[in-house]
Amino acid sequence: MKTNHPHKKVIESVDNLSVLVTILYNSKIAYVKKNLSIHLHKREISLLSDIQKHTKPHHKKVRIAKYQEIDKESKHFQLHQEIFLKRYKKLEKKDIIKLEYECDNGLPYDMTFTQKGLSILDEISNLEKEWNELVMDDVDGDIIPLLQKITINAMDISYNIQKETKNIY
């Protein structure tokens, strides 16, 4: 994929991994957003990914454990819950998720994907694969193993920070 983008030379001189990763992520989201069969905002697309992760059994157990430690009467928690519920309600209005307010698992609220939501997740996955093929079109060599190593190093950093934070509180 050849382009005469005005920032091509600038990008070729960038040696900051964070900047490059951000450009890649923004490009992927723009591609998905443009080609998705339903109008979703950038934040809604990434929120769907978060919801998908949080509905997995292991992550749900972690969420339940975290909610058991939280003071649910605190203003901070109330604000946090209000902000997230507002975002989730927008997805519910579009019939992508179903919110549950009467949870017996220890969560103040939970959500599940509707059939339409599952279909949209599949569509997003396919669009991400298309985007991946487009950006890798004229790349020589397999950079995936290198990116996997970088990602593992990055995950180690965040995992260790999470462990430290948990021990503080």
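**Salt bridges and a charged patch in a predicted model**

Let me start with one pair: Glu44 forms a salt bridge with Lys94, and the closest N and O atoms are 3.1 Å apart. Glu44 lies in helix α3 while Lys94 sits in the loop between α5 and β1 (97-100), so this pair ties together parts that are 50 residues apart in sequence. Please keep in mind throughout that what we are looking at is a predicted model.

How buried or exposed are the two partners? Glu44 is buried, with a relative accessible area of 7%, whereas Lys94, with a relative accessible area of 24%, is partly exposed.

Staying with helix α3 for a moment, Glu44 is listed among its buried residues together with Ile45, Ser46, Leu47, Leu48 and Ile51. The helix covers residues 42-54, and at 1.5 Å a residue its 13 residues should span 18 Å, which agrees with the 19 Å between its end C-alpha atoms.

Now, how many salt bridges does the structure hold? There are six of them, and I will take a second one that also links separate parts of the chain. Glu128 forms a salt bridge with Lys28, with 3.2 Å between the closest N and O atoms. Because Glu128 lies in helix α6 (residues 115-135) and Lys28 in helix α2 (residues 17-35), the pair ties together parts that are 100 residues apart in sequence. Here Lys28 counts as buried, at 19% relative accessibility, a value that falls under the 20% cut-off, while Glu128, at 28% relative accessibility, counts as partly exposed.

A further salt bridge is formed by Glu92 with Lys98, where the closest N and O atoms are 3.9 Å apart; that distance lies within the 4 Å limit used for calling a salt bridge. Glu92 counts as partly exposed at 24% relative accessibility, and Lys98 likewise counts as partly exposed, at 46%. In addition, salt bridges that share partners join Lys60, Arg63 and Asp110 into one network.

Finally, let me turn from paired charges to a surface patch. Which residues gather in the patch of positive charge on the surface? They are Lys86, Arg87, Lys89, Lys90 and Lys93. One of them, Arg87, is found in helix α5, which comprises residues 75-93. Arg87 is partly exposed, with a relative accessible area of 31%, and that value is over the 30% which a residue needs in order to be considered for such a patch.

How values were computed: Residues are numbered from 1 along each chain as its sequence is written. This is a predicted model: local features need pLDDT of at least 70, side-chain atom pairs count only at pLDDT 80 or more; totals for chains, interfaces and linings use all residues. Side-chain values use heavy atoms; hydrogens and water are left out. Patches are made of residues with over 30% relative accessible area and no salt bridge: like charges are joined within 9 Å, nonpolar side chains (Val, Leu, Ile, Met, Phe, Trp, Tyr) within 5 Å. Accessible areas come from the Shrake-Rupley method with a 1.4 Å probe; for residues, only the protein chains shown count as cover. A salt bridge is a side-chain nitrogen of Lys or Arg within 4 Å of a carboxyl oxygen of Asp or Glu. Lys and Arg count as positive and Asp and Glu as negative; His and the chain ends are not counted. The place of a charge is taken as NZ of Lys, CZ of Arg, CG of Asp or CD of Glu. Helices (H or I, at least four residues) and strands (E, at least two) are DSSP runs, numbered from the N terminus. Buried means under 20% relative accessible area, exposed over 50%, partly exposed in between (1.4 Å probe, protein chains only). The expected span of a helix is 1.5 Å times one less than its number of residues.
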